[in-house]
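Could you walk me through this structure, one feature at a time? I'm new to it, so plain words would help.

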Amino acid sequence: MSDYPVNMDQKPQVEAFFDEATNTISYVVKDPDTNACAVIDSVMDVDMAAGAITYVHADRIIEYIRKNDLDLQWIIETHVHADHLSAAPYIQEKLGGKMGVGEGITIVQDVFGKFFNEGTEFQRDGSQFDVLFKDGSTYKIGNLDAFVMHTPGHTPACMVHVIGDAAFVGDTLFMPDGGSARCDFPGGSAEELYDSIQKVLSLPDDMRLFMCHDYGPNGRNIQWETTVGAEKKHNIHVGLGKTKADFIKFRTERDATLGMPKLIIPSLQVNMRAGAIPTDEAGNPQLKVPLNKL
Ligand SMILES: [Fe+2]
């Protein structure tokens, strides 16, 4: 397909953790040969009505890693999520590992730093993360070879992580009957998302694909795993026969009808800081709610 170093012979073990409150799937990806693992897209629990955060979902992941005596090497965000809050720093504090995100985080920080009227103490250089991935960056999880594909469209910082025969697609694609993610956030683009999806679909047909979200369309049970071949055949937004023009028209019209994700205000403030909670002048954890700006 491409210049990316695809290696279908490596088959990571993938454990999924579904978060019912936000329909997010977090993953522990383990090297079958060693104890090394990575966490992808963790979730912090938030109750906005009560102004309270907890870590029930993240604790399930931590317990799994401890119980199986795994060595956490990476805590990865596929992008700056707008619908759930990351628990990356909480997991890092308990288990170690390097936090990584796409280098486009700086664009997201710039846009939303202004949106939330952040002061100069909020760095817009991605330095809250340990590693900023570029298109084509490679890394290891034990003996597993991983690489990163830049897949903008949903957000400018979106990255698909390909680890052996498993790709973690973030919000580029949903399950075939779910289609694709919205493109109307700042920095989003239906045209770019189409091109990014084609990049994913140029991976081998039997590449396993793991979704970041599933909403169980048409009343089916929640699912999170499919393949490139199945997406090519059956994806309702980009499957066989759909042109780029079809996709852009459909996506743009659909996005215009969507309300804002329930947790967008807290999610962006926390996720643009790599999962850290902002504080007031006295150092107390506090979130802002800019009014009538979205
Ligand atoms: Fe997202």
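## Reading the features

Q: Cys183 sits here with its sulfur; is this residue buried or exposed?

A: Buried means under 20% relative accessible area, exposed over 50%, and partly exposed in between (1.4 Å probe, protein chains only). Cys183 comes out buried, at 6% relative accessible area. Before we go on: this is a predicted model, where local features need pLDDT of at least 70, side-chain atom pairs count only at pLDDT 80 or more, and totals for chains, interfaces and linings use all residues. Residues are numbered from 1 along each chain as its sequence is written, and side-chain values use heavy atoms, with hydrogens and water left out.

Q: Why is Cys183 not bonded to Cys158?

A: A disulfide is a pair of cysteine sulfur atoms within 2.5 Å. The sulfurs of Cys183 and Cys158 are 9.1 Å apart, so that's too far for a bond.

Q: How many disulfides does the structure hold?

A: Zero. Take Cys37: the nearest cysteine sulfur belongs to Cys212, 18 Å away. Cys37 is buried too, at 0% relative accessibility.

Q: Which residues of helix H2 are buried?

A: Helices (H or I, at least four residues) and strands (E, at least two) are DSSP runs, numbered from the N terminus. In H2, residues 88–95, the buried ones are Ala88, Tyr90 and Ile91. Looking down the H2 axis, they fall within an arc of 165° (taken from the directions from the helix axis to the C-beta atoms), so they line one face of the helix.

Q: What do those buried residues of H2 pack against?

A: Contact means heavy atoms within 4.5 Å. Their partners are strands S3 (36–40), S6 (71–76) and S7 (98–102), plus helix H1 (56–67). Just after H2, look for Gly96, with a positive phi of about 80°.

Q: How many salt bridges are found in the whole structure?

A: A salt bridge is a side-chain nitrogen of Lys or Arg within 4 Å of a carboxyl oxygen of Asp or Glu. The search finds 16.

Q: Which residue forms a salt bridge with Arg220?

A: That's Asp177, with the closest N and O atoms 2.7 Å apart. Arg220 is in the loop between S13 (208–210) and S14 (225–227), while Asp177 is in the loop between S12 (166–168) and H4 (190–201), so the pair ties together parts 43 residues apart in sequence. Arg220 is buried at 19%, whereas Asp177 is partly exposed at 29%.

Q: Where does the salt bridge of Lys244 and Glu191 sit?

A: Lys244 is in helix H6 (residues 244–255) and Glu191 in H4, so this pair ties together parts 53 residues apart in sequence. Their closest N and O atoms are 3.8 Å apart.
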